[in-house]
Every structure is written in structure tokens, then in C-alpha cells.
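Student: I would like to learn how to read a model like this one. Can we go through its features step by step?

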Amino acid sequence: MYNDNQQSVYCGKKLNLKIYGASHAPEIGVFIKGLDGVRFDKDKLQRFMDRRKPKNMAFSTKRLEGDKVIFVQGESDGAISGELKAVIKNSEQKSQDYDKVVKTPRPSHADFVAWQKYGDGFDHRGGGKFSGRLTAPMCIAGGILKQELQSKGIEINAYISRIGRICGKGYNDIDQEKFDFKKVDQDFPVLDAQDKAAMLEEIESARMDLDSVGGVIECVITGMPIGAGEYMFDSIEGVISKLAFAVPAVKGIEFGTGFDISTMRGSKANDPFFIDDSGKVKTKTNHNGGINGGLSNGMPITFRVAIKPTPSIGKEQDTVDLVKKENVKLKIQGRHDSCIVPRAVPVIEAISAIAVYDLI
């Protein structure tokens, strides 16, 4: 039986998050425990939230939500005390766009499985609780924690490394010591501005074909203390992965060299240690993504997530009528992104901040 008050809960070692609401509900929000004494800049948080909003580009949804964060409890002048509750009011829904998909599930959406599990009581509008809209409350928590981690010298930066078939420069292709992430375009974050045109062309090609395209986001975490994390179930990889898969569009994750490390011999895959000029222990390579045995080894933690193409497309698709028990055709109406990868970048930073804060 579906319960409209249902919440998705993350229970970490220190943090406890409860996210509630649905895509077309009056509001969405988050309860956060474990931030007693943390201070943050509300204007800086709002700027972080704005990065997740639809871009003023042809491929973005025309649903224009303000995503203004309202603090209901636990906050006073940027200081947190007790359980924090933050809310975002939904104001730009067009629920009628989803009237036709109640009994004709959209391919690759959660419509079918939600109907099977919860029945007619489920709020299917905009994907309901399965919508990427609920990554906004996750960004509230992650945006606050990103500021807190910066005060401890830990930086989290994500960017687009691939759109469809177009690959851009990655972290290993730049001068890591000199590169300034602050200069990266926040609306379409790529490490090399020359990659942007080809990626936008790939998105536009899909859009004109009433289709969509996915991509890959890489995240780099620097300043992690050596030894953060635990072995086995509470490894850095495990904690980050659990949170990454809370993002509806994520279908894969890899750390360091990732799956390609399986093609290498040990002599190449190993990261040899050395002592640098300042006396610090470092590794000459970073195929393991800054993690050994589930713990941080002091090198940058790097991982990539695969973002699937937006399943809501304008092309006619095959589906079924769940009432009549027959095969039918479906053409999805509504306002949808041709590519959600640029908007997902701050979400990946947010889940990383949640994971790192709990790990240290």
C-alpha cells in the first residue's frame, strides 16, 4: 500500500537524512540530523542550488522552478542547531501532461514497477517520488556540507567528461597542480572549453531527432585525510556508491582507472609510492583513485558515474496498456531535458559531500 508520507532515509555514521515529497507535490524537502554547530552561507548555498536548475539552453526542460530554499526549523542566521528541516515549494507543475501514462507506463521509467508495487494510489505525475526532482533536497544537504568540508581543506569538483559519443578531457589530461576549477563554466562544466561545442552538437542532434543522450560525470575529491573510510562495508567506494545510486539517472560507477584496470598487468596497475620534496608520501600514478583497502591514501579520490539518456523522449515508443492487457504505442508529452548530464554535475558533488562528511 502506498503511503503519501513515505520518506527515503539515509542513515550514516553521523548523518541522518530524510527526503520527502514528489515531483508534482506542493513541496519537497529534507530533514537533516548530525549537523549541530555547523555554520554555512545561505547565499552560497542558493548559488549551488541554482546550478541544478534547468539551463537557458534548447536541450533543457522548460519547467522553471525557482528552487528557493526555505528553512523551517533548526537554522538561525546560517547556524544549525538540532534537526534541520529545509523545504522547496513546487510551483510550475503541468500534471495533465501525465494523465495518459497512468496505465501505459513510459519505457525505462518507474511507472510500471511503481504501479505493480503501490497500485492506483501512487502519485505518478512527473515520476512521483522516483523523479530526479528529488535530487534538489539532496543538494540542500550536499551544498551545506560542501561548504563545511571546504573549511577543512577538502574540495569536491565534478565536471562533464563525456556526452553520448563525445569524450572530453579528463582529470589525468590536465596539469592537476595548476588547474583552477573555479574557472570552469558552471552551466556546462568541462575541463577544456573546446570540448563544449562538439558536446552541444551531440545533444542538439538527439533533440532534433526527438531523442535524448546521456554521458559521464567525473568527480575529484582532494584534501581527504589519509585513512578516512573503513574496510569492507564502510569503504569509501561503498559509501559513495550507495549515495550515487540514489540519483535516479546513475547506472554505473567506477573509481580511478575503473573497469580498464582489469586489462592491465599488476606492474602497470599498481601505484608506486614515493616521497616528494616536502616529505609527503605520494603515489606516482593513481589507478586506484586515491583509495587502498577502502581507505583514503592521500591522493585525489576520483570516480566516474554513467548517466543514462533521459527516458522521456518525443519519439513514439512501444509499451502496454495495463488495464486492457494489450500492446500499444506511446508518445510522451510534456517538458523534458534532451540531456540531464549538465544539471546532474552539482548533484554528484552533493552526494560526494554527504559521503565524505560521514566518512571523516
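**Reading the sheet**

Tutor: Start with one rung of a ladder: Ile-221 has Ile-301 in β14 as its bridge partner. Keep in mind that the model is predicted.

Student: In what sense do β8 and β14 pair, and over how many bridges?

Tutor: Two strands count as paired if at least two bridges are found between them. β8 and β14 have seven bridges, and the sense is antiparallel.

Student: Which strands form the open sheet, and in what order?

Tutor: Read across it: β7-β6-β8-β14-β9. That is five strands, with antiparallel pairing.

Student: Which are the edge strands?

Tutor: Look for strands that pair on one side only. Here they are β7 (166–167) and β9 (250–255).

Student: How many bridges link β6 and β8?

Tutor: Eight, again in the antiparallel sense. Strand β6 covers residues 155–163. Two positions help you to line up the strands. Ile-160 stands opposite Ile-217 in β8, and Arg-162 stands opposite Val-216 in β8.

Student: Is β8 mostly covered or mostly open?

Tutor: Count its buried residues. Seven of the eight residues in β8 are buried, so the strand is mostly covered, given that buried means under 20% relative accessible area.

Student: Which helices lie on these strands, and at what angles to β6?

Tutor: Take α4 first. Helix α4 (residues 196–208) lies across β6 and β7 and runs at about 60° to β6. Helix α7 (residues 341–359) also packs on the sheet. Its contacts are with β6, β8, β9 and β14 (301–307), and its direction makes about 145° with that of β6.

Student: Where do I look for a hairpin?

Tutor: Look for two strands joined by a short run of chain. β1 and β2 are joined by a hairpin through four residues. Strand β1 (residues 8–11) and strand β2 (residues 16–20) run antiparallel, with four bridges between them. One rung pairs Cys-11 with Asn-16 in β2.

**Reading the salt bridges**

Student: What is the general idea behind a salt bridge?

Tutor: Side chains of opposite charge can pair when their charged atoms come close. This structure holds 21 salt bridges.

Student: How far apart are N and O in the pair Arg-106 and Asp-111?

Tutor: The distance is 2.6 Å. Now check the cover of each partner. Arg-106 counts as buried because its relative accessible area is 3%. Asp-111 is buried too, at 10% relative accessibility.

Student: And the side chains of Asp-123 and Arg-125: what is their N to O distance?

Tutor: Their salt bridge has an N to O distance of 2.8 Å. Asp-123 is buried, with 14% relative accessibility. Arg-125 reaches 26%, so this residue counts as partly exposed.

Student: Which parts of the chain does the pair of Asp-185 and Lys-196 link?

Tutor: Asp-185 is in the loop between β7 and α4, while Lys-196 is in helix α4, eleven residues apart. The closest N and O atoms of this salt bridge are 3.3 Å apart. Both residues are partly exposed: Asp-185 at 33% relative accessibility, and Lys-196 with a relative accessible area of 24%.

Student: Which residues are joined into one network by salt bridges that share partners?

Tutor: Arg-51, Lys-146 and Glu-349.

**Reading two tyrosines**

Student: Is Tyr-171 buried or exposed?

Tutor: Place the residue first: Tyr-171 is in the loop between β7 and α4. With a relative accessibility of 6%, Tyr-171 is buried. Then list the neighbours, leaving out residues up to four places away in sequence. Tyr-171 touches several residues, including Tyr-159, Phe-181, Leu-191, Val-220 and Thr-302.

Student: How far apart are Tyr-171 and Ile-291 in space?

Tutor: They are 16 Å apart, C-alpha to C-alpha. In sequence, 120 residues separate them.

Student: Where is Tyr-231 found, and is this residue buried or exposed?

Tutor: Tyr-231 is found in the loop between β8 (215–222) and α5 (236–244). Its relative accessibility is 59%, so Tyr-231 counts as exposed.

Student: Which residues form a nonpolar patch on the surface?

Tutor: Tyr-231, Met-232 and Phe-233. Together they have about 460 Å² of accessible area.

Conventions:
Residues numbered from 1 in each chain as written. Predicted model: local features only at pLDDT ≥ 70, side-chain atom pairs only at ≥ 80, totals over all residues. Heavy atoms only, no water. Patch = residues over 30% accessible without salt bridge, like charges linked within 9 Å, V, L, I, M, F, W, Y side chains within 5 Å. Areas by Shrake-Rupley, 256 points an atom, 1.4 Å probe, with all protein chains shown as cover. Salt bridge = Lys/Arg side-chain N within 4 Å of Asp/Glu carboxyl O. Buried < 20%, exposed > 50% of the residue type's maximum accessible area, 1.4 Å probe, protein only. Contact = heavy atoms within 4.5 Å. Axes fitted to C-alpha atoms, helices over the stretch in contact; angles between N-to-C directions.
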